[in-house]
Amino acid sequence: LSDVIHAVQLERGTSSLFLNNQAPKFTNGMSNYRTQTDKTILALNNFLQTFTADHYDTEFNSGLDKVLETLARLQTLREDITALRLQPAAAVQTFNEINKTVFQFLIHSTRISHYKELFPLKLAYINLLTAKEQAGQERALLVTVFSQDTCQPEQFRQFAELVADSGLTVQDRAPMTPVVKLVFGADYDKTRLTEYASALGH
């Protein structure tokens with residue numbers, strides 16, 4: 001499942017670039033990432049052919065069914081992206097929802113094992129995937145905002161949520177500081193953060 005999440009993250013990024021620029025040079029890259037995503041989903045389906053879920057609880061099985069149904073939405077999403085029927089923010093949000101569904105199932109599945117010594121490893125693994133997904137969402141959103149040179153209300157709402165989830169705050173005197181902290185990290189050199197934030201503000 002982590003391979004699926006990673007592939008969807010990459011496809012989300014290149015799809016955002018394609019929609020924002022509508023340039024042929026991004027078409028091949030997008031196609032390659034779609035192929036990569038399809039390979040991970042095929043590998044998942046092949047594994048499930050040899051996997052018996054009968055002795056797992058109802059929540060596990062319904063969660064697995066929901067994951068497969070959600071991944072099936074990719075085809076329609078891709079058609080809309082290729083035909084330019086979606087705004088970048090809407091496409092990114094749909095990718096986010098797909099990965100969120102997979103994440104929720106993955107978190108539930110880690111609770112099944114009764115080996116206590118594995119719990120710290122599972123927790124660290126989930127935290128790593130969560131941080132990676134948040135970074136991908138930040139990147140996709142900021143690429144969209146910077147490319148269109150404006151921030152739509154829905155994008156600002158998403159940005160505010162990402163800022164809050166990162167433990168950052170937006171201040172009137174330095175509104176662009178959270179943006180550069182999301183990109184470079186809150187522990188990045190403070191002088192450079194200030195310089196970049198100031199440049200973005202002009």
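These legends describe close-up views of salt bridges in a predicted model.

**View 1. Salt bridges across the structure.** A search of the whole structure finds five salt bridges. Some of them join up: Glu 11, Arg 34, Asp 38 and Arg 78 are linked in a network. Views 2 and 3 take up pairs from this network, and View 4 turns to Arg 85 and Asp 80.

**View 2. Glu 11 and Arg 34.** The side chains of these two residues form a salt bridge, with an N to O distance of 4.0 Å. Glu 11 belongs to helix H1 (residues 2-21) and Arg 34 to helix H2 (residues 27-49), so the salt bridge ties together parts that are 23 residues apart in sequence. Glu 11 counts as buried because its relative accessibility is 0%. Arg 34 is also buried, because its relative accessible area is 14% and the cut-off for buried is under 20%.

**View 3. Arg 78 and Glu 11.** Glu 11 appears again here, in a salt bridge with the side chain of Arg 78 at 2.8 Å, N to O. Arg 78 sits in helix H4 (residues 74-82) and Glu 11 in helix H1, so this pair ties together parts that are 67 residues apart in sequence. With a relative accessibility of 6%, Arg 78 counts as buried.

**View 4. Arg 85 and Asp 80.** A salt bridge joins the side chains of Arg 85 and Asp 80, at 2.9 Å from N to O. Is Arg 85 buried or exposed? Arg 85 counts as exposed, because its relative accessibility is 54% and the cut-off for exposed is over 50%.

How values were computed
Residues numbered from 1 in each chain as written. Predicted model: local features only at pLDDT ≥ 70, side-chain atom pairs only at ≥ 80, totals over all residues. Heavy atoms only, no water. Helix = DSSP H or I, 4+ residues; strand = E, 2+ residues; numbered from the N terminus. Buried < 20%, exposed > 50% of the residue type's maximum accessible area, 1.4 Å probe, protein only.
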